[in-house]
Amino acid sequence: MMPMPDYYEFLNYPKIVSGQFALENIPSELDGYHAQKPLVITSKSIVQRGLTKQFVKAFYDSTVVLGGIYDEVRDYAGISQAREAAQLYKARGCDALIALGNGPVVDLAKAVNILVSENLDHLGPHFDGAAPARPLKPLIVVPACSFNGWEATHAMTVDNRRLVADALYPAAVFIDERITIGCCPECLAETGIIALAQAFEAMTADGHNPMIDALAHPALNLLAQHLANGAPRPSDSSACMALANAATMAAAAFCNAPPGMAHLLTEALGRATGIAPGKLMAIILPAVIDMLQEQRTPIKDDVLLALAGLEQFATSAGPDRGRSSLRIMLTLVDSLKKTLPALREAFQIQRHLLDQVAHEAAGNSAGRFTVPQCLTVLTQAIQEPAS
Amino acid sequence: MQAKTITGTSNRALEIDLTSRTFREVRINETDLELYLGGKGLGLKLLYDRLTPGVDPLGPDNKIVFSTGVLLGTGAPCSGRFEAVTKSPLTGIMASASCGGPFGMALKTSGWDALILNGKAEAPTYLVINSEGVQFKAADGLWGKDTDSAQDELLKEGNGALVIGQAGENLVRFANIRSGHRFLGRGGMGAVLGAKKIKGIVAKGGEVKIVPVDKKKFVKTNRKFFKAIEQNPMTSGSFRYFGTNANVNPSNAAGILPVRNFTGGSHGEAHKISGETMAERFKTEWDTCKPCVIKCGHKGTIKGQKRHIPEYETMGLLGPNLEIFDPEVISDWNELCSYYGMDTITLGGTLAWAMEATEKGLIQTQLKFGATEGVAEMIRDIALGNGIGKDLAMGSRWASKKYGGEDFAMHVKGLELAAYDPRGAVGQGLSYATANRGACHLSGYVLALEAYFGMASPHATRWKHYMVKYFEDAFAAMNSLHICQFTAFAVQLEPPLIKLTADFVIKLLNQNLSPLALNLMDLSLWPELWHSILGKRYIPYLSMLKFRKAGERVHVLERYMNTREGISKKDDTLPRRLLYEGRKCDAKERTVPLEPMLEKYYKLRGFDANGIPTKKTLKRLGIEIK
């Protein structure tokens, strides 16, 4: 029986448009916002992969004029580039933004949106926690490979500073196989493992609610079906679409739940070492699952239902369901070992940094995890397996 | 009392455990001396044998080794230098620094070739070293004092001292160690001593006299050395008369002077801080390491006081890089850094980051490019750990991770760039990216060929991997002798074969067949000098090739130690600004094309594609795999 919480909140704003020819619907979507001249923000790698050409084709038959393409984003979203793009936006008289890409591209687009909507030169007040005071310009997100789901949410990370505000939700997210197609197995695996952790942690978090479950459940289900087979085959468009949808759902659920240990440790360790979150998650998630197994933490039955389907769920005895779901999670992570091998660098993380990371993660957990708990998981995660 | 005479080297190292307040004599393995030469190489080997990877640089398990070279104390020219190696609290990897202060001579003439510090003292302590060993003395009265007054106190007990200022005590990650008016500058060694609660170390000195084994050969080689130095226009001309700031005008002309946090490479007002201008304005005179024949260190009368003239790196990074062109103001800041004991290069890079971050709304400070207001106060705040100064005291990498602005934090592996912009000399870009301690200009000074001497094309990538490796090996060997790196200008460029070949021919050769051009350079004076001091005690003859191989061994050992701390290809990179942003001072906007040079460099070095030395390479060099 589904427990009903006494009180909960849930917000997920953007319209999701997913499937074949999704891109062709962008002009009419913009029309709905009375926008006619969007600035496209993207990265050099997207341009090099020819995805901007594909994207521009979708506008051939429309009256929408692209105000410009800003393609200077690389692996970091910073205020310098946000200012540059904002200048371009103003100079071209744009009235909307389209982020074509992943992480930093979308973060930068959100930052540009604040600058142009509030006519600011920097994000100072917002870095201090102030939410945007007025409605922002319409922002459309078209995710590409290595999509971590956060792009479709109300969070952005610019200059390593995270800002969370409802106004930052994009107006719409367009998932189209022509753009979402994977660039390499590693990127897809990173997308998948982050989504897996987000969906799992959202569904098992203390403060979860039926709306979170409603999104995390299908996300886990899609991942269970497509992660192992899809990640090594970036050209498999149906798997890419499934993973992108799963990532979108997982992040929408996750950003409404308190962050779990895997997420907190990955974030803190990433900041300390500069290693990509997907690569770190590949070693931290198994360690978190091991801890849950050791502590015999009760895992709700629905996780098994999402991961294994009705048949296995029905044939498992009630008390075994939690343990079975953890085993399946580990099998899923294991299936990525070839695509996402544990990094040598990850095993060489300096021991004295672990303390700092554990403190940071525990500090950000609002008292849900202790420093020793975090340290135990970290130590296990970076322990090199015997060769 | 007549000093005891040592022929060659004493081969004694003093190992001190600060926790238990004990010490022991360690015999230096003769094979190690042959393989690593001394100085930096031997220091690294002693550290390698003792350091566990992953330890906290500011914890008791970190070690710091002070190591002298075979040449020190013999009267060899420009040999008044010693080296320190440790794990850096700024970068988390190996740091090495060379210093021309009197401590090295005092340590060696106390009968010790090296000093190793382990553990952590319980309370502020200073150490007094003599030929018998060490005395541990309470530093209560010294703790909290600046480097000037602390050093004056310590020198009452010996001929040479090492001392930290308040910056080291407060664990500023780029605190340095002072000896005389010279510093072990980079990598935060002052914080390592501060964490060990060591305010200073004084060596009695004068207890031992060092004489070369083959005196005749030593005198003969010395003579050749002097001659080369006197013939070379850098060592006997520009550096001697204008100091290292003789580099300002050539750097400005070549577009490699850092301007406004490396957004520009030249500036119309740069001449105001040139060596030529300062020599005239401040009536400069020599203020050198000892012994030295180049005499690049200068002092002058500034604001009515005799002050050491800031070196080129300080001038560049606290000057144009902050858009300041008043040498008196830069000298004031340099004096403050000396007083508190802080590295001016990292400070300049961090202040420039803070100015740009302020401009972009990431932090709130009074700092502004082109304005002197608030800078001196910020230097104090950094040293004393006040306000945002406490965050800036961690360096630009740390600050940019906290506040953002990583794209304009100008560091490699956490160490801020020296005062050369590699967009005007791309080989230097590769050298910054691969240098073991971070963005170090002294690892392989390729820019001299590219930007100053016209011997290599500054924007071509061809053969730059070879040049970088060649100079890295040569400089690692020189730092192991240990001799001043500026002697390279004389030793390498004065032999007739290279001197009589026109620069454009060398440039052409360097561009098309660099190994041939570089091998025209005769390095033999260095190994000859080393060998004349040790005689045939170790090896019958130290050839130029063996000398270069020793340098290679030192460089690769340091790299291997870094890879054990997690360093790999991902870290061999440059700040985004240098990789992606062009400059207005260039007719055609240029960036550093790092990737293709890096791949070739790894192959040449015998590293795998991820930048890790292969087992085969380590075996070839005789480095024990741990």
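## Domains, helix packing and chain contact in a predicted model

The centres of domain 1 of chain A and domain 2 of chain A, taken over C-alpha atoms, are separated by 28 Å. This is a predicted model, in which local features need pLDDT of at least 70, side-chain atom pairs count only at pLDDT 80 or more, and totals for chains, interfaces and linings use all residues. Residues are numbered from 1 along each chain as its sequence is written, while chains are lettered from A in the order in which they are written.

Domain 1 of chain A covers 15–180 and domain 2 covers 185–381, with bounds from an automatic or database domain assignment. Their contact takes 17 residues from domain 1 and 18 residues from domain 2; two residues are in contact if their C-beta atoms, placed from the backbone, lie within 7 Å. Strand 1 (15–18), strand 8 (172–175) and helix 7 (177–180) of chain A each give two or more residues to the domain 1 side.

Within chain A, the axes of helix 9 (residues 210–230) and helix 13 (residues 301–315) come within 7 Å and cross at roughly 40°. The two helices are therefore oblique to each other. Helix 9 contributes residues including His217(A) and Leu220(A), and helix 13 residues including Val303(A) and Ala306(A).

Between the chains, 21 residues of chain B are in contact with 21 residues of chain A.

| Contact residues | Nonpolar | Polar | Charged |
|---|---|---|---|
| Helix 9 with helix 13, chain A | 5 residues | 2 residues | 2 residues |
| Domain 1 side touching domain 2, chain A | 9 residues | 7 residues | 1 residue |
| Chain B side touching chain A | 4 residues | 8 residues | 9 residues |

Terms used:
Axes are lines fitted to C-alpha atoms, for helices over the stretch in contact, and angles run from 0 to 180 degrees between N-to-C directions. Helices (H or I, at least four residues) and strands (E, at least two) are DSSP runs, numbered from the N terminus. Angles under 35 degrees count as roughly parallel, over 145 as roughly antiparallel, 65 to 115 as roughly perpendicular and the rest as oblique. Ala, Val, Leu, Ile, Met, Phe, Trp, Tyr, Cys and Pro count as nonpolar, Asp, Glu, Lys and Arg as charged, and the others, Gly among them, as polar.
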